[in-house]
Amino acid sequence: AYNLFLLAQHQVKKRTKTDLESAIPNYELALELDPNYAPAHAGIGLAWYLLTASNQTFGTLPLEESLARATPHIEKALQLDDELPEALGVMGLTLDAMQRFEEAVPYYEKALALNPSLTDVRNWYSSSLASLGREDESLAQMEAAYEMDPLSVLTLNNYTNELMLRRQFDAVGPVLDRLTQI
């Protein structure tokens, strides 16, 4: 189950529609071997969410359909382990998708308290904070994500956008340089 989970995680990290679609059967196989494997439930929930059709995701599914497929897995992951940081982060992400930003924030905060190195969660949290008008906190989360994983394409793209919106053009150059090197 663990090796299938790792393969699926690798596919999700690539953030392409094809890879996300390939990850789902690997998560499903992992869950056939261990139905109570909370990280696999959280992972498949994220994969289904990322298959939503939007400018921030990678698929073609309507939001309602992707959430209908994702949410039961995320809830199961949290039922199995209510302190699984990845599941908490994905729950926050799905709440963000429904524009329930205030509700999402505690999930992100708990996830990061349990595992401060989750840069994807920092990216999502940053976006939620920005949606709530908490711009300085949003930038601080993005900077922390960048410092922790300066090779994350997700972080580099989001940090570049954040710096551009803030008109911090001197700071964006090195980030763009790093992005083009990956």
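A residue counts as buried when its relative accessible area is under 20%. The exercises below concern a predicted model.

**Exercise 1.** Determine whether Asn26 is buried or exposed, and state which residues it touches.

*Solution.* Asn26 belongs to helix α2 (residues 17–33). Its relative accessibility is 12%, so Asn26 counts as buried. Leaving aside residues up to four places away in sequence, Asn26 touches Leu4, Leu7, Ala8 and Gln11.

**Exercise 2.** Classify the aromatic pair of Tyr108 and Tyr125 and locate its two members.

*Solution.* The structure holds five aromatic pairs. In this one, the ring centres are 5.8 Å apart and the planes stand at 45°, so the pair is tilted. Tyr108 is in helix α6 (residues 101–114) and Tyr125 in helix α7 (residues 119–131), 17 residues apart; the pair thus links distant parts of the chain. Both Tyr108 and Tyr125 are buried.

**Exercise 3.** Describe how helices α8 and α9 meet, and what part Tyr146 and Tyr159 play.

*Solution.* First, the geometry. The axes of α8 (residues 135–148) and α9 (residues 153–165) come within 10 Å and cross at roughly 145°. The crossing of α8 past α9 is left-handed.

Next, the residues. Among those making the contact are Leu139, Met142 and Tyr146 of α8, and Leu156 and Tyr159 of α9. By class, the contact has six nonpolar, three polar and three charged residues.

Finally, the two tyrosines. Tyr146 and Tyr159 form a tilted aromatic pair, with 4.8 Å from centre to centre and 35° between the planes. Tyr146 lies in α8 and Tyr159 in α9, so the pair ties together parts 13 residues apart in sequence. Tyr146 is buried, with a relative accessible area of 16%, and Tyr159 counts as buried at 9% relative accessibility.

Conventions: Residues numbered from 1 in each chain as written. Predicted model: local features only at pLDDT ≥ 70, side-chain atom pairs only at ≥ 80, totals over all residues. Heavy atoms only, no water. Axes fitted to C-alpha atoms, helices over the stretch in contact; angles between N-to-C directions. Helix = DSSP H or I, 4+ residues; strand = E, 2+ residues; numbered from the N terminus. Left-handed = near helix turned anticlockwise from the far one by under 90°. Contact = heavy atoms within 4.5 Å. Nonpolar A, V, L, I, M, F, W, Y, C, P; charged D, E, K, R; others polar. Buried < 20%, exposed > 50% of the residue type's maximum accessible area, 1.4 Å probe, protein only. Phe/Tyr/Trp six-rings, centres within 6.5 Å; stacked < 30°, edge-to-face > 60°.
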